Amino acid sequence: MRIAILSCFYPYRGGISQFNAALLEELGRQGNQVKAFNFTRQYPEILFPGKTQYVTADDPAAKVQSTPVLDTVNPLSYVRTYRTIKEWEPDLVIVRYWMSWFAPSLGYVTRRLKKDGIKVISILDNVIPHERHWFDKPLTRYFLGGSSGAVTLCEAVADDLTAINGKLQHTVIPHPLYTHFGEAQPRGEALRKLGLDPDRKTLLFFGLIRRYKGLDILLEAFSKLDDSYQLIIAGEPYGSFDEYDRQIQAMGTAAERIVTHLAYIKDSEVTDFFSGADLCVLPYRSATQSGVSAISFHFEVPMLVTDTGGLKESIAGTGTGLLVGQCTGQAVADGIEAFFADPEIAAGCRKNIKKQKDILSWERFARNLQDFARKL
């Protein structure tokens, strides 16, 4: 099959770009002709909340060959993108969708391709974004009009899709594991690199820092724990870190047991944080699936999650972590203490993670995706 993937690839950074690169490689490994079509401009710099959209020179991210063609700001590029992909004569076009900013550009291209009889599958990270706006639903409806079918990565997103477009054929294929970060290193060695005490229980908050991810809830929880715990915060803030910094400074001596790495974490650095962690905490206020959980699975780090979105389904439902029923500091603190109070909990989580690693392979994801495409 000739498969075109229209989304972000190298030199764009982040989990979606990493996902696309892994899918591209696996589809090619399974005998398809696959071509990557990239953005020339993903977001205007003024709208991007982080420091940069791009892989830096010292980041060893895999360099994927792609054709840069789509500028989300320039409608003339929409026409050019449609024509460029059509001229390649794909049997299937795959696009990624995670926020309504992309609806006008991707929707235009996919509607034209679909009208020409080309199958289009949208992989939907979100149907409605975590930080919502009044225009999200109408724009998403427009985008979905260009899809022959859709893949969601969890049931929660499938439910959102059905609420907006109940007629579109769709299937759920869980988020595969990220495996390109290399192998885990000894826990003590990783903690010494990070300047932390190997004798303390180590909590990890990882990934882009945005309000819906609940770092303030975790900091409140940490303030309730005794001095046998330490916390790593690793990720780039999208917005000001000041409110979190004030929380940390108000903790007194507990602040000395918190280490912050407030920057985008390069691929080569990821192993340090997960190798040193005993428990990855995802205290999200809202969630679909999480790329952080895909990394935790790879490094076999159990997770503690709040009862929201797809986290309950993918983590608590598989026995790979603990679920707390309320999104509060006290509930998260109680869950953390319960996890460490019984060594059998951690052992059971790691055993179940090993089972999930066999299930959540890129090979299985790509085969299920192709099977779905053939049925459309």
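This report walks through some helices, one sheet and a few unusual backbone spots in a predicted model.

Residues are numbered from 1 along each chain as its sequence is written, and side-chain values use heavy atoms, with hydrogens and water left out. In this predicted model, local features need pLDDT of at least 70 and side-chain atom pairs count only at pLDDT 80 or more, while totals for chains, interfaces and linings use all residues.

**Helix 3**

Helices (H or I, at least four residues) and strands (E, at least two) are DSSP runs, numbered from the N terminus. Helix 3 covers residues 103–115, which is 13 residues. How far apart are its end C-alpha atoms? They are 17 Å apart, which agrees with the 18 Å that helix 3 should span at 1.5 Å a residue. The expected span is 1.5 Å times one less than the number of residues.

Several residues of helix 3 are buried, among them Ala103, Leu106, Val109, Thr110 and Leu113. Buried means under 20% relative accessible area, exposed over 50%, and partly exposed in between (1.4 Å probe, protein chains only). An α-helix has 3.6 residues a turn, so residues three or four places apart point the same way. The cover over the buried residues of helix 3 includes strand 1 (2–6), helix 2 (75–88) and helix 4 (136–144). Glycine 117 follows helix 3, with a positive phi near 90 degrees.

**The open sheet**

Six strands form an open sheet in the order 10-9-8-11-12-13, with parallel pairing. Strand 10 (258–261) and strand 13 (321–324) each have a single partner strand, so one side of each is left without a neighbour in the sheet. From one strand to the next, the twist averages 20 degrees. Two strands pair if DSSP finds at least two bridges between them. Strand 8 (residues 201–206) and strand 9 (residues 229–234) have six bridges. Phenylalanine 205 stands opposite isoleucine 233 in strand 9.

**Serine 296**

Serine 296 sits in helix 10 (residues 291–299). Is serine 296 buried or exposed? Serine 296 counts as buried because its relative accessibility is 0%. Beyond neighbours within four places in sequence, serine 296 is in contact (heavy atoms within 4.5 Å) with Phe274, Cys280, Val301 and Met303.

**Unusual backbone spots**

Most residues other than glycine have a negative phi, and most peptide bonds are trans. Two glutamates have a positive phi.

| Residue | Phi | Loop | Relative accessible area |
|---|---|---|---|
| Glutamate 89 | about 60 degrees | between helix 2 and strand 4 | 58%, exposed |
| Glutamate 300 | near 60 degrees | between helix 10 and strand 12 (303–306) | 21%, partly exposed |

A cis peptide bond joins tyrosine 10 and proline 11, with omega about 15 degrees. Proline 11 lies in the loop between strand 1 and helix 1 (15–29).

Note on methods:
Axes are lines fitted to C-alpha atoms, for helices over the stretch in contact, and angles run from 0 to 180 degrees between N-to-C directions.
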